[in-house]
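Here are some exercises to work through with the structure open in your viewer. Try each task yourself before you read its solution.

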Amino acid sequence: MTVKTEHLGTALLVTMAAPPVNAIGHATREGLSQALAQAAATPGLTRVILTGAGRAFAAGADAREFDAAPVAPHLNEICAGIATSPVPWIAAINGVALGGGCELALACRYRIAVPAARIGLPEVTLGVVPGAGGTQRLPRLIGLAPALDLISTGKPVTAARAEALGLIDGQVDDPLAVALALDIGTLSLATQTDDLPNPAADPEAVEAARQTALRKMPGQIAPLRAIALVAASADTSLAEALAAERATFLELRAGDQARALRHVFFAERAAKAPSTLTAAPAPLDRIAVAGGGTMGAGIAWAALDAGVSVCLLETDAEGVARARANIDKLAAAAAQARGLTDASGIAARLGRLVVDHDPAAAADATLAIEAAFESLEVKRQVFAMLESHLQPEAVLATNTSYLDIDEIARGLADPSRLLGLHFFAPAHIMKLLEIVRAGATSDRALATGYALAARLNKVPVVARICDGFIGNRILARYREAADTLMMDGSNPWEIDEAMVGFGMAMGPYEAQDLSGLDIAFANRRRQDATRDPARRYIPISDRMVNEGRLGRKVGVGWYRYPGGGGKVIDPLVEDLAREEAWFAGVTRRRIDEAEIVERLVLAMVNEAAAILSEGIAARASDIDLVTVLGYGFPRWRGGLMHHADSLGAKAIVARLSEWAQEDPLAWTPAPALLDAAECSSRHMDSPVS
Ligand code: T1G
């Protein structure tokens with residue numbers, strides 16, 4: 001039974017019990033429908049109290065049902081039944097009340113929540129709009145402008161904020177007890193949401209919400225449709241507006257963007273240690289981070305934020321001072337940006353930190369993460385130091401982005417304790433964690449990587465060893481394809497604009513200006529000895545570095561940054577490209593936006609398919625997580641491989657094969673793509689969702 005009912009005096013208690021978070025699936029809807037009938041058939045009831053079992057009130061509609069046709073009873077009908085019930089319903093919100101869970105509460109006559117509850121309508125993050133009354137009942141309850149903000153951004157609010165908005169009537173430690181004891185007078189004074197008047201129109205707020213959605217959620221349909229529905233609450237009858245809401249929900253639910261966003265949602269939740277990994281992880285109460293630079297300090301802060309004690313090691317007193325300064329910057333930013341205004345919050349984190357240059361200070365660490373300079377020699381020295389000072393059972397990890405971890409492991413007495421933990425800058429914010437399993441990595445070390453990801457609330461993706469693992473290998477191919485387009489006739493700003501239009505958070509050239517052109521330059525030099533001499537090599541990026549154009553950090557890269565401000569197109573870059581093309585005997589041509597996007601996306605898809613074929617990534621959905629969470633690929637396209645599925649392997653192979661005629665080394669389709677095309681399956685492996 002996913003809905004339990006119990007008579008308590010003149011109250012009927014209705015409890016949603018669908019662990020772990022009371023997602024509202026068909027069984028729950030049936031149970032709620034029966035509870036409505038039971039309440040109507042029970043004489044003398046003064047109230048119905050709706051609550052959730054466990055840690056959630058209700059996490060919203062069960063998104064796993066969205067790939068199938070809707071099955072009655074529908075949640076909007078249940079909410080309408082609650083809203084028109086002669087016996088008042090009280091929402092005793094015991095935990096998260098999201099999406100349909102919030103809509104059930106909105107349909108109730110009265111709402112009380114525990115202080116820890118988070119309440120909201122995150123439907124747009126799944127590519128849909130609230131479909132059970134939220135776009136109409138919320139603005140009636142709290143006003144149009146605040147409702148626009150909650151619904152168009154999908155961000156939940158705390159119980160305190162919900163109370164301030166008028167979304168709930170109060171915060172109480174024991175909502176059930178208060179609901180039972182609520183005097184009938186108070187209850188009868190509460191206005192049924194559906195009886196509230198239309199909210200006042202607010203065209204300025206509507207336009208502001210639209211502009212924000214266009215800026216912050218470009219390309220996404222649901223936010224704009226949600227805004228239109230909320231705007232209509234001001235001048236449309238409830239019945240008409242609810243019908244329009246339902247129709248919009250059903251339309252978007254079946255659309256590509258909702259399918260893509262659901263795919264990422266479930267892929268994120270599937271990214272956890274496989275049940276076959278039975279080894280116990282190392283305890284994670286006290287870890288060491290070797291290297292207090294930007295990455296090391298970010299990793300340390302992520303651990304401190306998660307309640308872990310950290311020994312941040314540097315090489316000398318100066319290094320300690322630099323590391324401490326980096327930590328202080330992160331602490332100040334956290335205090336400001338993330339509401340950690342209470343000094344105790346910061347002090348508690350810093351109280352768990354030791355910064356030292358004496359390795360003995362890390363002797364009791366059970367995991368050490370090396371975040372030193374990207375040099376094999378330096379890393380080997382760091383691990384020799386760690387190995388000699390930490391307990392033999394301590395797990396060792398390197399944050400290297402590119403180096404061969406097997407090579408690093410060869411310097412260890414016990415290579416089984418080493419794995420890669422590739423964080424993404426800024427390490428305390430980016431959710432992606434590439435866990436790199438080297439040849440000798442033990443199950444215990446791997447399990448420790450997963451445990452750290454869970455503790456730091458990161459999304460783990462396991463990669464095997466190759467140059468760049470999953471993300472940076474795809475990035476290198478993406479950039480090579482972009483440079484090739486530049487050589488053949490395009491320029492950085494056309495390419496960036498095309499890819500932002502596709503949905504990338506930032507174009508490849510602006511992104512490289514941010515990270516610094518010298519990083520990719522160093523990687524190309526490292527690959528010089530092994531690069532296939534027959535492969536077309538584009539020298540423009542090297543030319544830029546050799547001319548000191550390293551990116552934003554020096555004020556000039558692919559763009560200029562006058563006064564350290566925003567990017568400005570620099571025609572000199574196009575001149576450099578023309579000159580290099582002339583040296584190479586390339587006849588440049590006009591390349592339109594569509595070809596830019598197609599070539600860059602398919603270059604990434606083909607590289608990703610090779611990564612799958614080689615077993616570097618275990619499944620396509622992992623590559624989706626890497627591209628969305630680490631490289632700005634549009635989440636509403638579901639990630640690189642989900643997007644590739646939407647294009648179809650046959651079409652991709654046909655296009656790649658056409659280009660391979662001009663340049664086989666760059667464009668020959670990977671085996672996984674050929675296999676998918678041959679069996680005309682759309683998926684390069686079984687999708688997660
Ligand atoms: N549907 C199906 N499964 C869900 C789910 C949902 N809405 N929410 C969570 N799960 C599963 C999740 O996949 C995982 O499964 C387990 O529950 C624990 O989740 C009509 C149309 C509630 C804040 O967008 O934000 O209502 O991996 O690991 O970190 O207008 O889950 O254990 O097999 O995330 O404690 C709107 C989505 C739906 C909320 C809990 N609701 N969920 O976080 O646990 S659309 C949402 C969350 C809707 C109506 C519309 C979070 C959480 P497994 P978890 P958590």
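**Exercise 1.** Leaving aside its neighbours within four places in sequence, which residues is R599 in contact with? Place R599 in its element and decide whether R599 is buried or exposed.

*Solution.* One thing to keep in mind throughout: this is a predicted model.
- Step 1: Find the element. R599 sits in helix α25, which runs over residues 593-613.
- Step 2: List the contacts. With neighbours within four places in sequence set aside, R599 is in contact with L485, R589, W659, E662 and W667.
- Step 3: Check the accessibility. The relative accessible area of R599 is 8%, and the cut-off for buried is under 20%, so R599 counts as buried.
- Step 4: Look at the side chain. A polar contact of 2.8 Å links the side chain of R599 to that of E595.

**Exercise 2.** Describe the surroundings of the ligand: which residues come nearest, and which helices supply at least two residues of the shell?

*Solution.*
- Step 1: Start with the residues. There are 27 around the ligand, and R55, A61, E103, E123 and R269 come nearest.
- Step 2: Sort the shell by class. You get 15 nonpolar, four polar and eight charged residues.
- Step 3: Go to the helices. α3 (100-107) and α12 (256-270) each supply at least two residues of the shell. α12 gives the most, with three residues.
- Step 4: Pick out polar atoms. An N or O atom in the side chain of E103 is 2.5 Å from an oxygen atom of the ligand. A polar side-chain atom of E123 is 2.7 Å from an oxygen atom of the ligand. With A59 it is the backbone that matters: one of its polar backbone atoms is 2.8 Å from a nitrogen atom of the ligand.
- Step 5: Ask how much is covered. On its own the ligand has 1,000 Å² of accessible area, and the protein covers 79% of that.

**Exercise 3.** Find the buried residues G345, I346 and R349 in helix α15, then work out why they lie on the same side of the helix.

*Solution.*
- Step 1: Go to α15, residues 343-350, where G345, I346 and R349 are buried.
- Step 2: Look down the axis. These residues cover an arc of only 95° around it, so they are on the same side of α15.
- Step 3: Recall the general rule. An α-helix has 3.6 residues a turn, so residues three or four places apart point the same way.
- Step 4: See what lies over them. The cover of the buried residues of α15 includes α13 (294-305), α14 (317-337) and β13 (353-356).

**Exercise 4.** Stay with α14 and look at N326: is N326 buried or exposed?

*Solution.*
- Step 1: Locate N326 in helix α14.
- Step 2: Read its relative accessibility, 18%. Since buried means under 20%, N326 counts as buried.
- Step 3: Not counting residues up to four places away in sequence, N326 touches G292, G293, T294 and A297.

**Exercise 5.** Examine the backbone at P20, P426, N22 and N457. Where do these residues lie?

*Solution.*
- Step 1: Recall the background. Most residues other than glycine have a negative phi, and most peptide bonds are trans.
- Step 2: Check the peptide bonds. P19 and P20 are joined by a cis bond with omega of about 5°, and P20 lies in the loop between β2 (11-16) and α1 (26-40). A cis bond also joins A425 and P426, with omega of about -5°; P426 is in the loop between β16 (418-423) and β17 (432-436).
- Step 3: Check phi. N22 is not a glycine, yet its phi is positive, about 55°. N22 belongs to the loop between β2 and α1. For N457, phi is near 60°, and N457 lies in the loop between α18 (443-455) and β18 (459-463).
- Step 4: Add the accessibility. N22 is buried at 2% relative accessibility, whereas N457 is exposed, with a relative accessible area of 54%.

Terms used. Residues are numbered from 1 along each chain as its sequence is written. This is a predicted model: local features need pLDDT of at least 70, side-chain atom pairs count only at pLDDT 80 or more; totals for chains, interfaces and linings use all residues. Side-chain values use heavy atoms; hydrogens and water are left out. A residue is near a molecule or strand if one of its heavy atoms lies within 4 Å of it. A polar contact is a pair of N or O atoms within 3.5 Å; within protein, one must be able to donate a hydrogen and the other to accept it, and residues adjacent in sequence count only if both atoms are side-chain atoms. Accessible areas come from the Shrake-Rupley method with a 1.4 Å probe; for residues, only the protein chains shown count as cover. Helices (H or I, at least four residues) and strands (E, at least two) are DSSP runs, numbered from the N terminus. Ala, Val, Leu, Ile, Met, Phe, Trp, Tyr, Cys and Pro count as nonpolar, Asp, Glu, Lys and Arg as charged, and the others, Gly among them, as polar. Buried means under 20% relative accessible area, exposed over 50%, partly exposed in between (1.4 Å probe, protein chains only). The arc is that of the directions from the helix axis to the C-beta atoms. Contact means heavy atoms within 4.5 Å.
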